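Got your viewer open? Here's a short walk through the model, one selection at a time.

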Amino acid sequence: MSRKKIGRPENPLGNTRFSGRAYLYLLPAFLVLAVFVLYPIVMTLRMGFYESYVYLTDVGSGFGLSSFRYVLRDPAFQLAIRNTLIIVLVGVPITIALALGAALFINSLTRGRGVFQTIYFIPYVTSTIAIGLAFRWLFHSDYGYVNYVLSFFGVAPQKWLTDPNLTVVSVTIFTIWNGLAFKIVLFLAGLQKIDPQYYQAARIDGTPPRRVFFRITMPLLSSTFWMVVIVSVIHAFKTYNEVYSMYDGKSAGPGNSAITIVYYIYDMFFNRSQVHYASAAAIIFLLIVLALTALQKWISKRFVHYV
Amino acid sequence: MQRRIGQSIKLILLILGAFLMMFPFIWMLATSLKTLPEATAIPPIMFPETPQFGNYLEALQVAPFGLYLRNSILVAGIATLLTLALTVLAAYAFTIYEFRGKTVMFFLCLATMMIPSELLIIQNFITISKLHWVNTFQGIIIPTLASGFYIYMMREYFMQIPSVLYKAAKVDGCGDFRYLMRIMLPMNKNAIATIGILTFISQWNSFIWPLMVAKDDSHRVMAIGLLHFRDAVSSQVNLQMAGATIVILPMLIFYLVFRKQIIEGVSRGGIKG
Amino acid sequence: MELRLKNLVKDFTGTRAVDTGELTILDGKLTGLLGPSGCGKSTLLYLISGLQKPTSGRIYFGDRDVTDLPPEKREIGLVFQNYALYPHMTVAQNIAFPLVNRKVKKAEIRERTAKMASLVQIEELLNRKPNQLSGGQQQRVAIARALVKRPEILLLDEPLSNLDARLRLEMREEIRRIQTETGVTTVFVTHDQEEAMSITDEIILMKKGVVQQQCGPQQMYLDPVNQFVASFLGSPPIDYFRFPLRDGRLWITEGYSLPMDVRHEGGILTGIRPEAWGRGDALQVQIQTVEHRGKDTLITFGLAGTRARALLDITDTVRPGETIGVTLRPQFLYLFDAESGVRIRQEEEQ
């Protein structure tokens, strides 16, 4: 008891006991965190600054920014950034709009809520690889259903998987389909937190539905909405599975035209064994994610007034 | 009246949406039962004339899906149990003890939440190569076990248990580990189920890491096995879909059985994208 | 088991929460730890339980020095303010938990649990969960859990504060009954003077961590050692006046005085309990307010520049503005030093 410093705040259990046993409880988790999370970050940071690096011998040469220069000038990386931005800037807004609409509709149902929720959530639990295989054939230029359905509207058959201008569109469509489930569930959870008294009050006041949506639902949903936006954007920046499953892992479509940032990192490391370039790209990717996380913190402080 | 029309439009849109969400699955199942000419007909045919269940037998002969299933259950199951164990122990230490470096260590946990796991694969692959863990289950499982987010989430739940129970248990002669097992865990059943479900699903569907580590069938999980199967049957789309259906089915059944808990768990632990 | 505290001190961040001096709590009795909130009574209870460690001083259970023992080795039972029942366990499992922890044999656990349940009269609730019980029933379970390990000392921390008024009356009788039946040395923390007065054998009254007086409840009420004790006990509370002391008499008014054999330098404060007044002809007073309290009537009137309260019989019908004759019963009248609040006793008392 003499070791106890007077004035130290008691912990919530009122158990201000300095105990070495704590480390025993923490050891397994922190061993894994240290070896497989912290160490790789440090090492990746280091590798990214080498001009060349052989991982088997852990020998690097030429310390500097040249790998970053290479990656940033690499047309493939620029394409990866462009494609990722398309997925983020086009795919995410569409996903969110559809998810919000579906959630609002589902939430307004008096019966059958559970059925729709169950169906809309299926993509979240099913393997992206398996679904990607199906999408590959649905997008097929000859026997795919997408072109077949479009033909009824007089649209000529498109080469969704082989036309370099269209590959990123197909991938984006797949990410939208794949991402809806999670966002619908989050929106539904947010909607269910809104006290029905507000709607009863609005009804008594004779508020028209459109105003109910903009003046009651959206403001009260704003914290969920921004959370979903940020989570979706970060998630979209990590897009990789959809590309990998629609193509074969050796390239992201013809001329790597559907490449994304994470796919670029994987490709650099696995197919080309250029660890230092992969690391430099990973660091750039990390900076983007960190910036987005900071933006999230800022937004949630600045704009979210209702919880 | 206007309300009724509005409701009907909503319902029609929802049914249309549900159809679009289901269509890839329906098509997948239908195609898995087609003959090859049916599957590659132009214009496409939706349903086969006679269901070709033989496609499944053929698929099972080409690739050992039973083995893949076993591996998936093994990997996702063990990884989930170990993740829970590590998470609970660490969160418990952060809840009941004071120790040197507590603030720093907790901050580290929070900081790892911001690190995309895709960033780690490069060095982690190098690490497990050096450990000779390539093509082993421990190589697939162990690097994924610790999650700062889950530790943080679990601790939030633990902190809600009134401290007076801890005092009462002390007086009742209950030690710290026993308190964890007998009081904390039973009282946080829901939180543990949530984390368990989230971990299990993400482990089951994860593939970039298992793809890198597994080199032969005896270590391939279902998603990775499917990729190899796809290459083996090349353009036989009906067989590909039979394989895809086999891969999706177990998780779909698991989902339909536990859908309430799964949806609830996902919306509760939702912040993790 | 007699409980002795030797100069037990507990400091929190620069303030002294508890400083007991020499304190002995009687074997087999029900002792009330009484005081206003923040006076250190709960801290003292936690020090006795071992959940908190003292800054200095020793704690003895009988001849056994338990100061350095953890709570589970002290042979105590503790009932918390919010009962702290384990919500996921049934009543029976809650009661049995301390025994399970001690690896007592299953048959014995069953037998002792049943015995405890019958002692606190909850036999029919054994398979329920705590959230299916009323506050009073939860309280009984908590007591059973505390007693099942046959503790040497039973500690109760504000056990009645979460109950409604009617249940509180019932449960305090129950605590008294259970304590009498088991004969276990019991320490009972409360801020409610009425609770302490009604069921305890002895009261320890604390203020700012320091014991003010320790004695039986009646004696504490009748013979307070200082102004704090006099003020803390009694409802409605005692009134204070600055009456002059002259020629061996205390002058209530110019025409009414009582003999007072006191030698004292400095200011004197006279405390008069409302029940000291009765109808009589010593003093004529004009009634300001009348409050009917059920069993008696509380009136106020001006006296010596301040307001006095008096309790009259319920049958005594009086109205505000009326002038009545009153007199004082001197045994409910106490003198204190105006500076320190220490009681000034008459010569023949000393």
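First, a term you'll need along the way: a polar contact is a pair of N or O atoms within 3.5 Å, and within protein one of them must be able to donate a hydrogen and the other to accept it; residues adjacent in sequence count only if both atoms are side-chain atoms. Keep in mind that you're looking at a predicted model.

**Stop 1: the two domains of chain C**

Select residues 3-226 of chain C and colour them, then do 239-349 in another colour: the domain assignment calls these domain 1 and domain 2. Their centres, taken over C-alpha atoms, sit 39 Å apart. Where they touch, domain 1 of chain C brings six residues and domain 2 of chain C brings nine. Between them the two domains bury about 650 Å², with carbon and sulfur atoms giving 43% of that.

Which three residues supply the most of the area that domain 1 of chain C buries against domain 2 of chain C? Select Tyr221(C), Pro224(C) and Asn226(C): together they account for 61% of it.

Now put your new term to work. There are seven residue pairs in polar contact between domain 1 and domain 2 of chain C, counting pairs with both residues at pLDDT 80 or more. On the domain 1 side of this contact you'll find four nonpolar residues, one polar and one charged. The two domains of chain C are also linked by two salt bridges. For a salt bridge to zoom in on, show the side chains of Asp223(C) and Arg345(C), with N and O 2.9 Å apart.

**Stop 2: Ala308(C)**

Stay in chain C and pick strand S19, residues 306-313; Ala308(C) is in there. Is Ala308(C) buried or exposed? Buried, because its relative accessible area is 0%, and anything under 20% counts as buried. To see some of its surroundings, show Asp239(C), Phe241(C), Ile299(C), Thr300(C), Phe301(C) and Leu303(C), which Ala308(C) touches once residues up to four places away in sequence are left out. Want a long line on your screen? Draw one from the C-alpha of Ala308(C) to that of Gly28(C): they are 280 residues apart along the chain and 41 Å apart in space.

**Stop 3: helix H9 of chain B**

Jump to chain B and select residues 163-171, which make up helix H9. How many of its nine residues are buried? Nine of the nine, so the helix is largely enclosed by the rest of the structure. The buried set includes two lysines, Lys167(B) and Lys170(B).

To see what H9(B) packs against, add helix H4 (65-96) and helix H10 (176-187) of chain B, and then, from chain C, helix H1 (41-49), strand S7 (76-79) and helix H4 (135-147). Just past the end of H9(B), click on Gly173(B), where phi is positive at about 80°.

**Stop 4: where chain A meets chain B**

Finally, show chains A and B together. The contact involves 94 residues of chain A and 103 residues of chain B. About 9,100 Å² is buried between these two chains, and 77% of that comes from carbon and sulfur atoms.

How many salt bridges are there between chain A and chain B? One. Find it by showing Arg21(A) and Asp176(B), whose closest N and O atoms are 3.7 Å apart. Polar contacts turn up here too, with 11 residue pairs at pLDDT 80 or more for both partners. Now select helix H1 of chain A, residues 21-48: with 20 residues, this helix gives the most to the side of chain A that touches chain B. Colour that side by class and you'll get 70 nonpolar, 16 polar and eight charged residues.

Terms used:
Residues numbered from 1 in each chain as written. Chains lettered and ligands numbered in written order. Heavy atoms only, no water. Contact = heavy atoms within 4.5 Å. Buried area = accessible area lost by both parts, 1.4 Å probe. Salt bridge = Lys/Arg side-chain N within 4 Å of Asp/Glu carboxyl O. Helix = DSSP H or I, 4+ residues; strand = E, 2+ residues; numbered from the N terminus. Nonpolar A, V, L, I, M, F, W, Y, C, P; charged D, E, K, R; others polar. Domains from an automatic or database assignment. Buried < 20%, exposed > 50% of the residue type's maximum accessible area, 1.4 Å probe, protein only.
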